[in-house]
Amino acid sequence: MTKKTIFKSLDEFDRAILRLIQRDNKMPQRHIAERVNLSAAAVQRRIAAMEKTGVITANAAIVNTHAVHMSITAIVEIDLKDERLETVDNAKALFRKAPEVQQCYYVAGGMSFILVVVAPDMPAYEETTRRLFAQNSAVARYRSLIALDRVKTGTEIVIP
């Protein structure tokens with residue numbers, strides 16, 4: 001999120017709905033309604049409202065990387081040559097557009113960015129590092145950490 005967004009206050013029903021749908025967003029709304037003690041219509045309205053206000057940002061499938069032959073997962077630390085707004089914004093745009101970049105975080109504490117990059121094999125990963133980092137004059141240095149096992153992945157967050 002690049003702009004500050006004001007979200008409506010979530011009540012306990014909204015939070016209960018979020019807990020359920022972030023685990024299974026294909027769960028029928030009547031099942032959600034039974035579990036949170038609301039009508040299916042009320043659940044539908046609440047989900048629509050949370051989508052409209054940006055509380056729910058997407059409905060997506062989580063794909064098994066091995067099933068689609070994307071066997072390399074790398075965590076990449078990027079250090080930019082400078083932190084000028086133009087440099088940072090250009091890096092964000094580049095990383096956002098790169099299909100190999102699964103996740104991108106602009107961070108404080110030593111590095112400029114932390115990326116999660118997926119690739120089918122090491123030659124493809126090398127091509128990605130050359131294109132995004134080695135040939136990028138804004139990148140001072142980068143370091144790749146190759147995951148041996150994807151022990152825990154996902155998008156679920158704790159809903160207090």
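Me: Why is Glu127 called partly exposed?

Reply: In this predicted model, Glu127 has a relative accessible area of 38%. Buried would require under 20% and exposed over 50%, so a value in between is described as partly exposed.

Me: What makes Arg131 and Glu127 a salt bridge?

Reply: The side chains of Arg131 and Glu127 meet at 3.2 Å, N to O. The cut-off is within 4 Å, from a side-chain nitrogen of Lys or Arg to a carboxyl oxygen of Asp or Glu, and therefore the pair qualifies. Arg131 is itself partly exposed, with a relative accessible area of 34%.

Me: Where do Arg131 and Glu127 lie with respect to each other?

Reply: Both belong to helix α5 (residues 122-134). Being 4 residues apart there, Arg131 and Glu127 are separated by about one helical turn.

Me: Which residues are joined into one network by salt bridges that share partners?

Reply: Asp11, Asp14 and Arg46 are joined in this way.

Me: How do you know that Asp11 and Arg46 form a salt bridge?

Reply: The N to O distance between the side chains of Asp11 and Arg46 is 2.9 Å. As the limit is within 4 Å, the pair counts as a salt bridge. Asp11 lies in the segment before α1 (12-21) and Arg46 in helix α3 (residues 40-52), so the salt bridge ties together parts that are 35 residues apart in sequence.

Me: Why are Asp11 and Arg46 called partly exposed?

Reply: Asp11 has 30% relative accessibility, and Arg46 has 21%. Buried means under 20% and exposed over 50%, so Asp11 counts as partly exposed, and so does Arg46.

Me: What makes Arg143 and Glu77 a salt bridge?

Reply: The closest N and O atoms of Arg143 and Glu77 are 2.8 Å apart, which meets the requirement of within 4 Å. Arg143 lies in strand β4 (residues 139-146) and Glu77 in strand β1 (residues 72-80), so the pair ties together parts that are 66 residues apart in sequence.

Me: Are Glu77 and Arg143 buried or partly exposed?

Reply: Glu77 has a relative accessible area of 17%; buried means under 20%, so Glu77 is buried. Arg143, at 45%, is partly exposed.

Me: How many salt bridges are there by this rule?

Reply: The count comes to 10 salt bridges.

Me: Which domains does the chain have, and what separates their centres?

Reply: The domain assignment gives domain 1 (12-53) and domain 2 (65-147). Taken over C-alpha atoms, the centres of domain 1 and domain 2 are separated by 36 Å.

Definitions and conventions
Residues are numbered from 1 along each chain as its sequence is written. This is a predicted model: local features need pLDDT of at least 70, side-chain atom pairs count only at pLDDT 80 or more; totals for chains, interfaces and linings use all residues. Side-chain values use heavy atoms; hydrogens and water are left out. Helices (H or I, at least four residues) and strands (E, at least two) are DSSP runs, numbered from the N terminus. Buried means under 20% relative accessible area, exposed over 50%, partly exposed in between (1.4 Å probe, protein chains only). Domain bounds come from an automatic or database domain assignment.
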